[in-house]
Amino acid sequence: MDHAIKTQRALIRPVVAADAEALHAALTWDVVRQLSRVSWPLTLDQVQEFARKAEEETRSGTGWHHAVVVDGTPAGVMSIKPHHGAMNLGYWLAETHWGKGLATEVASAYVADFFAASSDVHLTSGAFSDNEASLRVQEKLGFVVVGEGLLESQALKRQRPHRDTMLGRARWSEGAIAA
């Protein structure tokens, strides 16, 4: 998954170091508060370090990190990497792209590419319980809730209710995507 994927409205391509400034600008408080492993305030240096590591992991195949590029500007990230013994999908988009179906569009293409490129039988994901939009994206793709618990939010410096989700290859192949 070290290649680009084109959707109707976006280009999903590997993160490069030059993406850091645009990604930093897109990582507003309302975005960061829904991400477990991102602290606040978030510095440009931290995003530059993420971009460097993302580029390295994608190149080595230990994880995949792709920028969601809309109208030539990085507007979010899609990642799949190992987490608790499974491959895990993580993603975020800039607020200006919320509520337009873009997350579902790019996540669907990304998941399809993952299952086409791997022999994994399932993919995990999840979201904080109050992040209804992200959980709805996962539901549309066919993910089902398999657990609930508390997960540390680095930005809020406390644990928050979280739902863990999973999508099996068979369910994906059956076309579980619902509008």
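Here are two short exercises on aromatic contacts and nonpolar packing in this predicted model.

Residues are numbered from 1 along each chain as its sequence is written. Local features need pLDDT of at least 70, side-chain atom pairs count only at pLDDT 80 or more, totals for chains, interfaces and linings use all residues, and side-chain values use heavy atoms, with hydrogens and water left out.

**Exercise 1.** Classify the aromatic pair of Phe-115 and Trp-172, and work out which parts it ties together.

Step 1: grab the geometry. The ring centres are 6.2 Å apart, with 35° between the planes.

Step 2: apply the cut-offs. Rings of Phe, Tyr and Trp (its six-membered ring) pair if their centres lie within 6.5 Å; planes under 30 degrees apart are stacked, over 60 edge-to-face, the rest tilted. So this pair is tilted.

Step 3: place the residues. Phe-115 sits in helix α4 (residues 102-117) and Trp-172 in helix α6 (residues 169-173), so the pair links parts 57 residues apart in sequence. Helices here are DSSP runs (H or I, at least four residues), as are strands (E, at least two), numbered from the N terminus.

**Exercise 2.** Find which element gives the most to the largest nonpolar core.

Step 1: define the core. Buried (under 20% relative accessible area, 1.4 Å probe, protein chains only) Ala, Val, Leu, Ile, Met, Phe, Trp, Tyr and Cys residues are joined through side-chain atoms within 4.5 Å.

Step 2: look inside. The largest core has 29 residues, and those with the most contacts inside it include Met-78, Tyr-110 and Val-111.

Step 3: name the contributor. Helix α4 gives the most, with nine residues.

Note on methods. Buried < 20%, exposed > 50% of the residue type's maximum accessible area, 1.4 Å probe, protein only.
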